[in-house]
Amino acid sequence: MVEPVSIDPPFRVPQPVIRQAWRELTFLHWSFDPAVVRPLIPAGLELDLWEGKCYVGLVPFILEDITAVRGPALPWLSRFNETNVRTYVLDRHGRRGVWFFSLDAARLAAVIGARISYGLPYYWAKMSVQRDGAQVRYRSRRRHGPPGETHIVVTPGEAIPDPSPLEIFLTARWRLFAYRNRQLFRADIDHPRWPLQRVAVNELEESLITAAGLPAPRGAPLAHFSAGIKVMTGWPERI
């Protein structure tokens, strides 16, 4: 049985280990032929499709206040910029979640820590997120790994009080999957409902999607913005 799509968290993380906040976040999504994406997903997971389409997301944002649940945030280590490339999957129990092709982060210690603890494909990058009047500017360039960079400029607009089913499907994800030591793991995530906004994409140059082994996306992306939320993350558990 497949877990239903839910705009609100369907469960609480009983013993969260990491707290963090995601700020100034833009969701950019393109549809892909599932046959192109499937070879990049490990056995044990299936693509979570919307009307037969597979969606790949490019998501830049500011990550701040990241720390152990019972520990204080450290000004330098606990705030940095991040951009991830992702798609949506199901495990063999029908649980929905995110599969990350890559996560670029501007803090080397965070890259090393996330690779070791969660088995996530983080890369160290030079990144910036800036407010320029009504616009938000994102820039990123990898320092190691497959070359990839972004230059994105957006203008957030009006709030979306009632997201469509597709908008909920693309943004409301309560679990991540990772592959570590030849095993699949999952980690549950708990946060409030996304406060989504319309957003105009003024400039968009990126090569992170092709760096992940996918073809270059075609056409304008589905775009959404959020000022941010606070998040609790559980420890990874073997599936």
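1. Overall dimensions. In this predicted model, the protein chain has a radius of gyration of 17 Å, which agrees with the value near 18 Å that a compact globule of 239 residues would have. Along its principal axes, the C-alpha trace spans about 45 × 45 × 40 Å.

2. Secondary structure and chain contacts. The protein chain contains four helices and 13 strands. Among the contacts between residues at least 6 apart in sequence, 70% join residues that are at least 24 apart.

3. Burial, surface and charge. Of the 239 residues in the protein chain, 53% are buried. The accessible surface of the chain comes to about 11400 Å², and 54% of that surface belongs to carbon and sulfur atoms. The chain carries 30 positive and 23 negative charges, and the mean positions of these two sets are 6 Å apart.

4. Asp8. This residue is found in the segment before strand 1, the strand that covers 18–32. Is Asp8 buried or exposed? With a relative accessible area of 31%, Asp8 falls between the two and is partly exposed, because buried would require a value under 20% and exposed a value over 50%. Leaving out residues up to four places away in sequence, Asp8 touches Trp174 and Arg193. With Arg193 there is also a polar contact, made between the side chain of Asp8 and the side chain of Arg193 at 2.7 Å. As for a pair that is separated in space, the C-alpha atoms of Asp8 and Val85 lie 23 Å from each other, with their positions 77 residues apart along the chain.

5. Asp190. Strand 10, which comprises residues 183–190, is the place of Asp190. Asp190 has a relative accessible area of 9% and is therefore buried, since the limit for that class is under 20%. Which side chain makes a polar contact with the side chain of Asp190? The partner is Arg12, and the contact is 2.5 Å. Apart from neighbours within four places in sequence, Asp190 is in contact with Pro9, Phe11, Arg12 and Val13, and also with Lys230, Val231 and Met232.

6. Ser102. This residue is found in strand 5, which runs over residues 96–105. Its relative accessible area is 2%, so Ser102 is buried. The side chains of Ser102 and Arg142 are joined by a polar contact of 3.3 Å. Arg142 also appears among the residues in contact with Ser102 once neighbours within four places in sequence are set aside, the others being Thr83, Asn84, Val85, Pro121 and Tyr123.

7. Leu222. The place of Leu222 is in strand 12, which comprises residues 222–233. With a relative accessible area of 34%, Leu222 is partly exposed, because this value is neither under 20% nor over 50%. Not counting residues up to four places away in sequence, Leu222 touches Phe27, Leu28 and His29, together with Tyr55, Leu166 and Leu170. How far apart in space are Leu222 and Ile66? From C-alpha to C-alpha the separation is 28 Å, and the two residues are 156 residues apart in sequence.

Notes: Residues numbered from 1 in each chain as written. Predicted model: local features only at pLDDT ≥ 70, side-chain atom pairs only at ≥ 80, totals over all residues. Heavy atoms only, no water. Helix = DSSP H or I, 4+ residues; strand = E, 2+ residues; numbered from the N terminus. Rg over C-alpha atoms; globule rule 2.2 N^0.38 Å. Buried < 20%, exposed > 50% of the residue type's maximum accessible area, 1.4 Å probe, protein only. Contact = heavy atoms within 4.5 Å. Areas by Shrake-Rupley, 256 points an atom, 1.4 Å probe, with all protein chains shown as cover. Lys, Arg positive; Asp, Glu negative; His and termini not counted. Charge placed at Lys NZ, Arg CZ, Asp CG, Glu CD. Polar contact = N/O pair within 3.5 Å; in protein donor to acceptor, adjacent residues only side chain to side chain.
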